[in-house]
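Hello,

I am passing a structure on to you. Please have a look at it, then read my notes below.

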Amino acid sequence: MKRVQAIHNTSRARKTTKPSEELSIAITFRRPQDGLGPTKLSARLSSASVAALRPDPLDIDRALYELHHRGFVVSAKGKLTASVRGNRRLFEKVFGTKLKIFRIDPTQETSSQAFYYPPPDAQWKPDPAIMSLIDDAYIQWPHIFMAAKKKPKPKPQPASGQPSATAPSVGYFHLSMPNDVPRLLNVPQVHAAGTTGKGVRIVMMDSGFAHSHPYFKANNYTSSVALAPSASNNKTDMNGHGTGESANIFAIAPGASFIGIKLDDDANPQGGASILEGFQEALKHKPQVISVSLGYDLCETNPFTGQRTSDKHLTTLPNGLKALEAEIQAAVANGVVVVFSAGNGHVSFPGMMPEIISAGGVFVDENGGMTASDYASAFMSKIYSGRSVPDFCGLVGMQPHADYIMLPIPSGCEIDRDNSAHDKTTASDGWGVFSGTSAAAPQLAGVCALLLEKNGGLTPSDIKAVLKRSCRDVTTGSANDASNEGHAVKASAGLDGATGAGLVDAFAAWKQI
Amino acid sequence: MIKLQILVRQPWRTSEGIERVRELIQTIGIKPTVSGRTTLSAEIPEDSFEDVFKVPVTKVASRPPSERDFGRSGGNISDDLIIPEPLRKYVENISVASPYFRM
């Protein structure tokens, strides 16, 4: 294990942080043929070369047994590495070293701002019986969250006063609700003809739906909210995602029957329901349309931090997603229109499934110019051969934050606080300017409800086909390069990879059925 | 509690088949939560997970919004699970529910 220089040692950090005595330790192993391990190679490892370093599984078990015997707790085991936990004193004893406190720049968003680690001059005399079985042991540093620099966060303000039904002024171009999003998707003509989604059941599953926000009341929107297993309190939304993005459905299909499925547990942010549980709960409500702005990123990823270790796409569906895949396939086969976000640079699943409508992003500027959103994903799936993501698009902002649609959210919720660092709303005003393909999915779901009101006999494939042939072509811009192994897919005339068939045109589709 | 996802084998993807799996999992300490047409969701206490599946499970923390998403849920991860003997006839796949992104 290499020793390190202190990173930061400011008096401010010393005052505010205390390292955990409990250490998380990564263990690497030696390959059987020559005892070489990954930390002793001078060449950089690749996904091809790493296979040549695979240790004998029996050696892994022997080493973990010895570590367990000395007091470490095995927390995870892979084919090449394992993770164990143990306290500072145990680590010092077994590896013959003395740890010191190291501190991280307090402006970095990390899981902890101090940790124990061997200093540069520390001795390193591990128990020989352990070292004969392993390649090396590394104390894991606190992980860095994917957010940019940490901004000082005002304390959450749990509704000391209700937010306003009217959005604040932010002084830059954005879309307002409930008029701009429907207008740009050619919905007002459909409403004028009397079609508002009446009688169509749309289920949206997300963080929560705090529809007591005055915006929803002022616009006479009504909803019911059910709880998925482990979710709590059907009136709240600590994150704000579900509340805000659901405004897209109401603006487009105000007459539809909206059923929200809350996944989050307010009391336990680590808990809450899985996407599969949410989907199963959604099916109980006999939906005609299901809208989901959640998903998985199918690249090589560090499972603990969620950060990618490579932009390379996975080529097979992980076992852990096969149940969800089958349940979605069964729902579509039974006539349910299922809409998922294509991702914001994610290689999104289920957003890449062929059976669903994959919602991508188009940005419409203040002069009406349309361009592919560079925030939204576009890629060819390596799991479903021939599947190009997205099918077509809703309205999504541009990088870096996709601050585009003014949406109502619970006062002081996570998005209210975090987005206020860049969207010029305040941390507790109950409004945020955001979008993502999370906005596109409910927009398209709303348009599907309009079509189903006019013709309830349409199948999911009928709806996909009519939307596809009635889209407005988008010929400029590129999608998010992070979704396509670093190469941004470009928009061009006709069907293209960046926007699929283009921006959905509700009136053109409605006229065709 | 650890969230589990259970995919039922093709011949048993009926309400009777789902019900059969629901009964069986309870005999090995797994509590069903909700089911669909082809799957069941369930929970198992953390301290009995390793006894039933013979592999460890790791808790993964939730994460707040970042530039690319609106946060990641909490959850658990594990190696592929071996289907316990009493379920093998009926179950095609069983897995731990892993964290997801808000997009």
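**What turned up**

In β7(B), B:Arg102 is the bridge partner of A:Leu294. Please keep in mind that this is a predicted model. The strand on the other side is β11 of chain A, residues 294–297. Two bridges join β11(A) to β7(B), and the two strands run antiparallel.

Now the wider interface. On chain B, 43 residues are in contact with chain A, where 54 residues take part. Several strands of chain B each supply at least two residues of the side that touches chain A: β1 (2–8), β2 (31–35), β3 (39–44), β4 (57–60), β6 (91–96) and β7 (101–102). The largest share comes from β1(B), with four residues. By type, this side of chain B divides into 16 nonpolar, 16 polar and 11 charged residues.

Next, a helix pair within chain A. Helix α8 covers residues 241–252 and helix α12 covers residues 437–454. Their axes come within 8 Å and cross at roughly 30°. Because that angle is under 35 degrees, α8(A) counts as roughly parallel to α12(A). The crossing is right-handed.

Which residues make the contact of α8(A) with α12(A)?

- From α8(A): A:His241, A:Glu245, A:Ser246, A:Asn248, A:Ile249 and A:Ile252.
- From α12(A): A:Ser438, A:Ala439, A:Pro442, A:Gln443, A:Ala445, A:Gly446 and A:Val447.

The residues of this contact divide into six nonpolar, six polar and one charged.

Best wishes

Conventions
Residues are numbered from 1 along each chain as its sequence is written. Chains are lettered from A and ligands numbered from 1 in the order in which they are written. This is a predicted model: local features need pLDDT of at least 70, side-chain atom pairs count only at pLDDT 80 or more; totals for chains, interfaces and linings use all residues. Two residues are in contact if their C-beta atoms, placed from the backbone, lie within 7 Å. Ala, Val, Leu, Ile, Met, Phe, Trp, Tyr, Cys and Pro count as nonpolar, Asp, Glu, Lys and Arg as charged, and the others, Gly among them, as polar. Two strands pair if DSSP finds at least two bridges between them. Axes are lines fitted to C-alpha atoms, for helices over the stretch in contact, and angles run from 0 to 180 degrees between N-to-C directions. Angles under 35 degrees count as roughly parallel, over 145 as roughly antiparallel, 65 to 115 as roughly perpendicular and the rest as oblique. A crossing is left-handed if the near helix is turned anticlockwise from the far one by less than a right angle, and right-handed if clockwise.
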